Amino acid sequence: MSHGPRSGLAAVSSALLAMSRHLEVRDVLGTIVASARELLDAQYAALGVPDDHGGFAQFVVDGVTEAQWKAIGPLPRQHGILAAMLSEARPQRLADVREDPRFGGWPDAHPDLADFLGLPIRDGDEVIGALFLANKNHPRPGGGCGFTEEDEELLGILAQHAAIALTNARLYERSRELTIAEERSRLAHELHDAVSQKLFSLRLTAQAAATLVDRDPARAKGELQQIAALAAEAVDELRAAVVELRPAALDEDGLVATLRTQIQVLDRAHTARVTFEAHGVRALPAAQEEALLRVTQEALHNALRHAAADHVDVTLRRRGPGAVLRVADDGRGFDPHAVRHAGRHLGLVSMRDRASGVGGALTVESGPGEGTVIEMEVPGG
């Protein structure tokens, strides 16, 4: 390495600490590739986790913009040089990957690659991933592969620790899945009991109202009001339980992809135009991502159901290590203070609680006839 021994050791230590700081698989993968690219001074880094069908279950890149990644297209297959790292299970260090006979099948939008360093990530005898770097930022003056034997050795050390971090993250997620399954079962029983009681009360009250309509309209009206109150309570109980379940799509696809999919569905389902943009957002701690998703859902519900908006724009931007969510609509707006005093919160209390619960902050700007802007900032990890 071009660094002195002390600075090199400090860089390795920082990379290993960063990997051990996360428990989510997706967060660990992102940290591994970012650490590898920075540590070995490469332009690009990627890590693929193979599936059982000849492709990659997950493929994380660093050094490529979101627009470039979208242009590249679907996840790669296990072919060529990527397959070699998985099947041969040994390092691959090349002066120009494009001249290797195994090179091929790269999309037109893929960045140009030259010098290349790749190696498998192993858990015992099992290859659980492939990590590679391309385009050393400071190539050798005399030509040849910019990645040195020392780089290969260093990446090997990083890969060993990456295997430990990835295995631990997988064990954590499996443990959490079991916990979630148990929690879902408990909630199912609670929902059955609570909703069954509410529905039984609704049925009896409706029957009482039906018998009173002709002979005592005043009492019938009171019974109908009671039906409305019971129905509202049932909806609140259902909603309170359901929102506590972390959506599977968030774990599988990440926050940006989950938001984009949900907003596309809303845009098709409503007459209002609903748009979404993301700018430079990286993986955030799981609790923060879930809070951002829930606040977005609540804000969109308010805009589409209550505000009669024609346009709703959702943006998610990186800010330092964290992110800022902005949901803006051109609906009828409201006076936040008046709404609070009237007891109709439009989910504002819930949104503020979610933001503060993950160390973030939520602001609301609105006025009658002026639309509404909701912003939430989270600090990142």
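What follows is a conversation about the two sheets described for this predicted model.

Visitor: What makes strand E6 and strand E9 the edge strands of their sheet?

Guide: That open sheet of 5 strands has the order E6-E7-E8-E10-E9. Strand E6 (273-279) and strand E9 (361-366) each pair on one side only, and that makes them the edge strands.

Visitor: Why do we say that E6 and E7 pair?

Guide: Pairing needs at least two bridges between two strands. E6 and strand E7 (residues 311-319) are joined by 7 bridges, so they count as a pair. They run parallel. You can find one partnership yourself: Glu277 has Thr315 in E7 as its bridge partner.

Visitor: What packs on the sheet at E6 and E7?

Guide: Helix H8 (residues 255-269) does, touching both strands. The direction of H8 makes about 165° with that of E6.

Visitor: How do you know that E7 and E8 pair, and in which sense?

Guide: The cut-off is at least two bridges. E7 and E8 have 8 bridges, so they pair, and the sense is antiparallel. Thr315 stands opposite Arg326 in E8. The two strands form a hairpin with 2 residues between them, and Gly320 in the turn has a positive phi of about 60°.

Visitor: Why is strand E8 called mostly covered?

Guide: A residue is buried if its relative accessible area is under 20%. In strand E8 (residues 322-329), 7 of its 8 residues are buried, so "mostly covered" is a fair description.

Visitor: Which strand do 7 bridges join to E8 in the antiparallel sense?

Guide: That is strand E10 (residues 372-378). Ala323 has Val378 in E10 as its bridge partner. With E6 and E7 parallel and E8 and E10 antiparallel, you can see what mixed pairing looks like in this sheet.

Visitor: What is the pairing in the sheet with the order E2-E1-E5-E4-E3?

Guide: This open sheet of 5 strands has antiparallel pairing. Its edge strands are strand E2 (56-62) and strand E3 (92-94). Neighbouring strands of this sheet are turned by 15° against each other on average, direction ignored.

Visitor: How do you know that E4 and E5 pair?

Guide: Again, at least two bridges are needed. Strand E4 (residues 116-123) and strand E5 (residues 126-136) have 8, so they pair. Asp123 stands opposite Glu126 in E5.

Visitor: Which helices pack on this sheet?

Guide: Helix H2 (residues 25-39) touches strand E1 (42-50), E2 and E5. Helix H4 (residues 80-87) touches E1, E2, E3, E4 and E5.

Conventions: Residues numbered from 1 in each chain as written. Predicted model: local features only at pLDDT ≥ 70, side-chain atom pairs only at ≥ 80, totals over all residues. Heavy atoms only, no water. Helix = DSSP H or I, 4+ residues; strand = E, 2+ residues; numbered from the N terminus. Contact = heavy atoms within 4.5 Å. Axes fitted to C-alpha atoms, helices over the stretch in contact; angles between N-to-C directions. Buried < 20%, exposed > 50% of the residue type's maximum accessible area, 1.4 Å probe, protein only.
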